[in-house]
Amino acid sequence: MKFAPILLAGLAAACAPPASQAQNPQPAATAKAPAGLQLDFPVACQIGATCEVQNYVDRDPGPGVQDYRCGSNTYEAHGGVDIRVPDMAAQAAGVEVLAAAPGRVARLRDGVPDISVTVRGKAALQGQDCGNGIVIDHGNAWETQYCHLAQGSLKVKVGDQVAAGTPIARIGLSGNTEYPHLHLTVRKDGAMVDPSAPEGACDPARNGPGLWSPPAAQAMAYKSGAVLNTGFAGAPVGMAAIEAGGVAGPTSASALVAYVRAINLHGGDVQELTLKGPGGEELVSSTQPALDRAKAQYFMMAGKKAQANGWPPGRYVATYTVRRGGKVVISRTFETTL
Ligand SMILES: [Zn+2]
């Protein structure tokens, strides 16, 4: 197998959002991975609670996409791992990006505004797809690159020595991205390496840690779909409101809407969202048609209009399920009290 080295042009490595498949061709190259680099989880968040893995490296050298498990948790030519926080409210509250391994800060960029590429436009990026970024040199020709950092949040300067776990910046929305996340690229001798599976082709049974430390590998255990957001609103909401965060909750006098945003669903998946009242009675249930193809993200809601005499006080429980081939693969229950 031939590995095409990626020439480093400053902080050019890109991270396009899943909704925008267009991307400059970047070889999905993987270098042989000599021992010697171990990566800690690079974000101060908890997968499954305050963040999720949105994308892995695209291992398919052609126009198709395959993550290291031969799944679809990636997009064309994606050259890193994307760790996503639920919304801009979480980003604004501050989520630290951590050095994945000890090393020396080799390069960085700051000054790129935290504005979604859907608003700013790709032309305005002027090649700064990484946005605000940091490259750490770990020695032996290993380096890690951290992209889409918050403007003004960089805590290090070129030449600084950092330990694994050192906070180096905060997650932002700079560069080629539509949502707040960290894009992490790992390189050896200038060639991109998939940290989850440095060698060989994709493998549905792959279960090793790759370059990750045991705790990081455990945290990043592969998921075929995940729930990124759940909540209740007092009026119908859309994806943009969920992305912004801080959605106003329901009151006894308002409408009652439950919502969910899931990521990395598969074609054929069937989603159902059911809302029950304080007595366990079903208020509403909504089922989406089977997905026509894999979805990087999908938003759905189910709700009822305001009631003439208001909602009776008590617990309102929503249950979201995803069925794949008739089997429940995701189930999440969440509730609110009125
Ligand atoms: Zn990315």
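This report walks through a sheet, two nonpolar cores and two loop residues of a predicted model.

## A three-stranded sheet

Let us start with the strands. Strands of a sheet pair through backbone hydrogen bonds, either parallel or antiparallel. Here, β11, β12 and β15 line up in that order as an open sheet, and their pairing is antiparallel. The edges are taken by β11 (226-233) and β15 (295-304), each of which pairs on one side only. On average, neighbouring strands of this sheet are turned by 15° against each other, direction ignored.

How many bridges join β11 and β12? The antiparallel pairing between β11 and β12 (residues 256-265) runs over seven bridges. If you would like a place to look, find G231, whose bridge partner in β12 is Y259.

## The largest nonpolar core

In soluble globular proteins, nonpolar side chains tend to be buried together. In this model, the largest nonpolar core holds 45 residues. Which residues have the most contacts inside this core? They are V43, V97, I134, Y146, I168 and A169.

Several strands supply two or more residues each to this core: β2 (81-84), β3 (96-98), β4 (103-109), β5 (132-139), β6 (142-149), β8 (167-170), β9 (181-188) and β10 (191-193). Of the elements, β6 gives the most, with four residues. A169 makes a handy viewpoint: leaving aside neighbours within four places in sequence, A169 is in contact with V97, I134 and Y146, among others. The contacts of A169 also include L149, A150, S153, L154 and K155.

## A second core

There is a second core too, separate from the one above and made up of 23 residues. Among its members are L273, W311, Y316 and Y320.

## Two residues with positive phi

Most residues other than glycine have a negative phi, and most peptide bonds are trans. Two loop residues are worth a look against that background. A77 sits in the loop between β1 (52-55) and β2, and its phi is near 65°, a positive value in a residue other than glycine. Q126 is not a glycine either, yet has a positive phi of about 50°; Q126 is placed in the loop between α2 (117-120) and β5.

Are these residues buried or exposed? A77 counts as buried because it has 20 C-beta neighbours inside 10 Å, and the cut-off for buried is 20 or more. Q126 has 8 such neighbours inside 10 Å, so Q126 counts as exposed, the limit for that class being 12 or fewer.

Note on methods. Residues are numbered from 1 along each chain as its sequence is written. This is a predicted model: local features need pLDDT of at least 70, side-chain atom pairs count only at pLDDT 80 or more; totals for chains, interfaces and linings use all residues. Two strands pair if DSSP finds at least two bridges between them. Axes are lines fitted to C-alpha atoms, for helices over the stretch in contact, and angles run from 0 to 180 degrees between N-to-C directions. A nonpolar core is a set of buried Ala, Val, Leu, Ile, Met, Phe, Trp, Tyr and Cys residues joined through C-beta atoms within 7 Å. Two residues are in contact if their C-beta atoms, placed from the backbone, lie within 7 Å.
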